[in-house]
Amino acid sequence: MAYKINNTFGTLLVTLADGTIDVATTDIALIGKGYAGFGEVLNENLVKILENFNNTSAPANKIQGQLWYDKTNNQINVYTGNKWKPVGSTTNSASQPGNAVQGDMWFDTTNNQLYVYGGSSWTLIGPTTVAGSGVTAVIPETAPDNTGVNQSYLKLVANDTVVGVVSNIAFTPSSTDTTSAALITAGFATVAQGIQLSSTVTSAKFRGTATDSDALGGVAVANFLRSDQADTTTGRLTVQADDGIRIGAGNDITMSMSSDDFTIAQTTQDKDIIFTVNDGGITKEVLRLDGSEGRIDHLRVGNLTVDGTQTIINTSKLSVEDNIIELNRNISSNAGMPNYTGLKVNRGELSSATEQNLYWVWDETFANDESSGDGSGTAGGAWTAFKSGGGQDELSAPTLVDIRANIMHATSTTARYADLAERYEADMQLEVGDVVILGGEAEITKCNDELSDAVFGVISESPAFLMNAQAGNNDSHPMVALKGRVMVKLQGTGQAGDRVVSAGNGQARVADLEECTSFNTLGRLIKDKYNVETALTECVIGVK
């Protein structure tokens, strides 16, 4: 009759026919009734159960509750119905085990880390970091000192780097011991009592708030300046940051650097910067920088040297108490002497409609062109008044201007033009070269008579010397040449030296000798005149 084989729970595993053996249902052979040679099979079953199916691979026909000794890992496992679970130990594997239950432990053989299963995920127990990937830990360590005595300390490791040690005593690590040598390499040639940071870690510092300190950077704390009260220093104070020094609650005064330029600034609106000195116990202001005007408001100096190329004094009146103003002081040779030295009157530099600037200068280029034979023609230089020539070079092509004075005293004088003239009131519009007489409805009028004994003079254009200059202008008070060279409206021809008389209508003509008297002779012709038409001709008047 066939056997019915049940498990512990009463569940039928297999119906075993007589005289047969079943090796497929479980990992032990099930022997049917009357099976010949059952003794060997029975003994092998007992051996398998005794050694818990010792093998490098798990039994193939396992059933729930079966034990298996993992020969590779030397670990006993129990089959839970869906996996093999280590008994009394962790699961050793390179990856997370499947079908875990709460409380299971797994040892990660790749990273040498232990995990516990919390019911939904694996939680790392330790170590928290993986060797070679940035160990961060406090490691207790013992190493001999240079006397051979073992010293215990805590090694502070962050991301595989030793950043500090904690020791209750100070010692010098041995240079021959491997552990001590590693400590020296890590930046601890000597270990101080307390907490010490590595000298090989860049910018390793204690950071945060401290209540007290014996020294900073090896310097006694008493040697540092206080920030909460007045203090002094015997050393040099250096500020390397370009934004410099700030003074005042509102940063009212700043001292700063930019491109090696040093700036002192008063940042409060319209406030001054004042410099004072103690003069015999009295405080005196020597310099004030006016904030509201943006200028120096007061400056008191002794000797003043200005080395720039331009000095602008923006005042309505300049008072100089010195009796001599010296120019060209820095000229050391004739070759360096400028052509012009003197004063310039600016006639509107900032205006769009400027006039020519005016100069009163010593003109080194001027040479007297008179050929008097007394050597005056070789003299160089003259005080000159002129208008600028305009353009980039104001001193090129200057235009001479008048000089007005009350009385002029001179050893000798010269003039560019040749006649002596005076202004007289005219009763009509007169032209250059017109012959005039005294009389008419004013002081002078045009001479309309031929061979007039009343001839007085000729209207001049550019006299060498003008008298009564302020009487009027050329329209109301024309300039009458009384003596010297002047252009005369002359009719007909003539030869040099011929006497000139009036011809009527303000003109003149050459006269025969028998026509001339001491009263009607106006002057003489200077050069031959060949054309008969009336033309302005140079004559010398005031001679007979």
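A few notes from one colleague to another on the strands of this predicted model.

1. A good place to start is strand E10, which pairs with strand E11 (residues 122-126) in the antiparallel sense over four bridges. Within that pairing, valine 116 has threonine 123 of E11 as its bridge partner. The two strands form a hairpin with four residues between them, and glycine 119 there takes a positive phi near 115°.

2. E10 also pairs with strand E9 (residues 105-108), again through four bridges and in the antiparallel sense. If you want a pair of residues to look for here, phenylalanine 107 has leucine 114 in E10 as its bridge partner. E9 and E10 make a hairpin too, with four residues between them. In that turn, asparagine 112 has a positive phi of about 55°.

3. Now to the two faces of E10, which spans residues 113-117. Gln113, Tyr115 and Tyr117 make up the covered face, whereas Leu114 and Val116 lie on the uncovered one. Leu114 is the residue bridged to phenylalanine 107, and Val116 is the one bridged to threonine 123.

4. Further along the chain, have a look at the open sheet of four strands, ordered E24-E25-E26-E27 with antiparallel pairing. Strand E24 (340-345) and strand E27 (399-400) stand at the edges with a single partner strand each, so one side of each has no neighbour in the sheet.

5. At the E27 edge, strand E26 (residues 380-387) runs antiparallel to E27 and is joined to that strand by two bridges. Lysine 387 has threonine 399 in E27 as its bridge partner.

Conventions: Residues are numbered from 1 along each chain as its sequence is written. This is a predicted model: local features need pLDDT of at least 70, side-chain atom pairs count only at pLDDT 80 or more; totals for chains, interfaces and linings use all residues. Side-chain values use heavy atoms; hydrogens and water are left out. Buried means under 20% relative accessible area, exposed over 50%, partly exposed in between (1.4 Å probe, protein chains only). Two strands pair if DSSP finds at least two bridges between them.
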